[in-house]
2 protein chains.
Amino acid sequence: MPLDERKLDVLRAIVEDYVATQEPVGSRALVERHHMRVSAATVRNDMAFLEDEGYIRQPHTSAGRVPTDRGYRLFVDKLSRIKPLSPAERRAIERFLIGAVDLDDVVHRTVRLLAQVTGQVAVVQYPSLSRSSIRHLELVGVSTTRLLLVMITDTGRVEQRVIELPETVDDTEVSAIRTVINEKLVGKRLSETPIHIQALVDEVDPTRIGMMSAIAAVLLETLIERTDERLALAGTANLTRAGVLDFHGSIRPILEALEEEVVLLKLIGSAGEEPLRVRIGDENEIEHLRATSVVSTGYGPGATIVGGLGVLGPTRMDYPATISAVSAVARYVGEMLAQA
Amino acid sequence: MPLDERKLDVLRAIVEDYVATQEPVGSRALVERHHMRVSAATVRNDMAFLEDEGYIRQPHTSAGRVPTDRGYRLFVDKLSRIKPLSPAERRAIERFLIGAVDLDDVVHRTVRLLAQVTGQVAVVQYPSLSRSSIRHLELVGVSTTRLLLVMITDTGRVEQRVIELPETVDDTEVSAIRTVINEKLVGKRLSETPIHIQALVDEVDPTRIGMMSAIAAVLLETLIERTDERLALAGTANLTRAGVLDFHGSIRPILEALEEEVVLLKLIGSAGEEPLRVRIGDENEIEHLRATSVVSTGYGPGATIVGGLGVLGPTRMDYPATISAVSAVARYVGEMLAQA
DNA sequence: GACTGGCACTCGCTACCCTGGAGTGCCAGG
DNA sequence: CCTGGCACTCCAGGGTAGCGAGTGCCAGTC
């Protein structure tokens, strides 16, 4: 039996009130605050029903009701009306982001902004290597058998690696190799470079094959290993605003999880399939974050996605506001990157 | 009137017990645990004296005593015997640090290690630009009027900046300039480069003066603005182990302070004058950290100091252990940098 | 003069009880 | 199907009592 209109209204009201007050909501208060056309007793019946279906629960017998993860899910999918940002908020976002001087700065400003606007923990992934393309490769001789490889991408990111060579090289050779690898690789998407790198090794003058292999190996390593590694985090202090109910009392496991880069990447990195993703409580893969909700999305210049960003907070968060903040920030950052 | 030997013993015992148990320590427990040769009543007299002098205090009438900031200070200065690290700990440190692939990795490993070993919040400053020297400067033409400047230092750090040129250049010119600036600047301490950069502009062929000024301006900017900017942080979850007494109940202001880079730099960046610095409670300049203690030191290859690192925790921390951990880690990191 | 044992006193902590109030479930009636 | 009413449950808050740890002080001893 599906939920009728009024039951859905009741669920929506419960979610909204609970998010606002952080206290279990009872039937009487509900009819008053929302000017319902029915009596408290009727609402109680609906509540009993919603509880049977697993959308709400009672913390204790004879307390008010609290939404369950399932209830929030239904709310997010069907019931929430998107709150557009106020013009003041839009202006705040713009003001915060313009004036960034480089990539680092963009990312830092973004993550702080997001934390401030949503009042939650914010995570921003640096533009991922694999989705951007190579703008320039530089080789610098550090000694006769060591080179420094510097890779510059079109998202402004710079990666460096030291290469140990099997034989000595002089400057003219280095410069020849530099020219070759730039010719072959500049403009290529990082994800498609491995093939081209292989081609380089195959085609090279046999006298240089050892050296070129060394360089190719390091290049590949750089592409694979360091991909997507960096992240910025802000707003952890917001966790302390939580009530005792929110994270079953301890924010410790959450702080711990937030220090694991791998975990964070899982949270926001895999964005890309859906435009915007909301994971509520249980739905999180990560054990320690089962008491939190995560709202994440991808961002990038134009339609391409080069990284993820998102926020993490108590399951009892203001979803409509959070969702619109996250997507607005992602949109603005995308625009910034497109300009640069 | 100076403190006699026994009163100092009593103070030491109080600090040690309080650190271990986190509970106010009374006279009876003290004589038992420390096999003192005097009675509890005598200890009580000494305690009364120590309290008058401001070294300890009672949380409530008729509770045990707790050290004050002043008490900890005396303990650190005069009473603590340094705990050398166990061989197991040394090995753990080494194992943790070897195998780092680049500077980022070194810093990350270090900060995690420090957090783990001390059980507190750890902060590591990236090797500061101003104290290292230039290994190589690279100029890359991105378009006819834009160059990318990449600066590589001997601590392995890479900084990049885009330069907008007032006129167009071709590749041969770029490469000529590259040669010149490398000749003049490689090997120089960053702190002494500004003069040399000025010299570059003065000596350059008049036809190129506009371009060279643009490059010089960006170089100077890079040196000044970005100096000392980056930091790594770990172990914030350790704050939650604190008892209610520790941070007068709320870790929020501390988490907030820890997100301000400026604050962190103040904490550990100014290391350098003293070999190792301990700031206890009140002694901290930063308002929000008056309830914490900070142990910090400088590190670097050999005797030079290129950055700071340290930990932050409750005033009730195990100072001897923390101090030796911090200095051991600093020493090891210094060695790692010297090798690279 | 320094130390000790003893004693009265303070005060926080815990357990307990009690009561008020909010909220529920259910039932009978419209 | 909805409503008003009623009995019931249970949390929260406040007050009280007892316990225990710890203190300060004093008189006595070495």
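Which residue in strand 6 of chain B stands opposite Arg146(B)? In this predicted model, the residue facing Arg146(B) is Glu164(B). The two belong to a hairpin of chain B, and that is a convenient place to begin a walk through the structure. Strand 5, covering residues 146-153 of chain B, runs antiparallel to strand 6, covering residues 158-164 of chain B, and seven bridges join the pair. Four residues lie between the two strands, and in this hairpin Gly156(B) adopts a positive phi near 90 degrees.

Further along chain B comes helix 7, made up of residues 171-185. With 15 residues at 1.5 Å a residue, helix 7 of chain B should span 21 Å, and the C-alpha atoms at its ends are indeed 21 Å apart, so expectation and model agree. Three residues of this helix are buried, namely Ile177(B), Ile181(B) and Leu185(B). Viewed down the axis of helix 7 of chain B, these buried residues fall within an arc of 45 degrees and therefore line one face of the helix. The face turned away from the buried side bears the exposed residues Asp171(B), Thr172(B), Thr179(B) and Glu183(B). Just after helix 7 of chain B, Gly187(B) also has a positive phi, of about 90 degrees.

The hairpin strands return in the contact between the protein chains. Here chain B contributes 19 residues and chain A contributes 19 residues. On the side of chain B that touches chain A, strand 4 (134-143), strand 5, strand 6 and helix 10 (252-258) of chain B each give two or more residues. Strand 4 of chain B provides the largest share of that side, with four residues. Sorted by class, the side of chain B that touches chain A holds ten nonpolar, five polar and four charged residues.

Both protein chains also take part in the surroundings of DNA strand C. There are 19 residues around this strand, and those that come nearest are Gly26(A) from chain A, together with Val38(B), Thr42(B), Thr61(B) and Ser62(B) from chain B. At least two residues of the surface near DNA strand C are supplied by each of helix 2 (27-33) of chain A, helix 3 (40-52) of chain A and helix 3 (40-52) of chain B. Helix 3 of chain A accounts for the largest share of this surface, at four residues. As for its make-up, the surface near DNA strand C comprises nine polar, seven nonpolar and three charged residues.

Notes:
Residues are numbered from 1 along each chain as its sequence is written. Chains are lettered from A and ligands numbered from 1 in the order in which they are written. This is a predicted model: local features need pLDDT of at least 70, side-chain atom pairs count only at pLDDT 80 or more; totals for chains, interfaces and linings use all residues. A residue is near a molecule or strand if its C-beta atom, placed from the backbone, lies within 6 Å of it. Ala, Val, Leu, Ile, Met, Phe, Trp, Tyr, Cys and Pro count as nonpolar, Asp, Glu, Lys and Arg as charged, and the others, Gly among them, as polar. Two strands pair if DSSP finds at least two bridges between them. The expected span of a helix is 1.5 Å times one less than its number of residues. A residue is buried if 20 or more other C-beta atoms lie within 10 Å of its own, exposed if 12 or fewer, and partly exposed in between; C-beta atoms are placed from the backbone. The arc is that of the directions from the helix axis to the C-beta atoms. Two residues are in contact if their C-beta atoms, placed from the backbone, lie within 7 Å.
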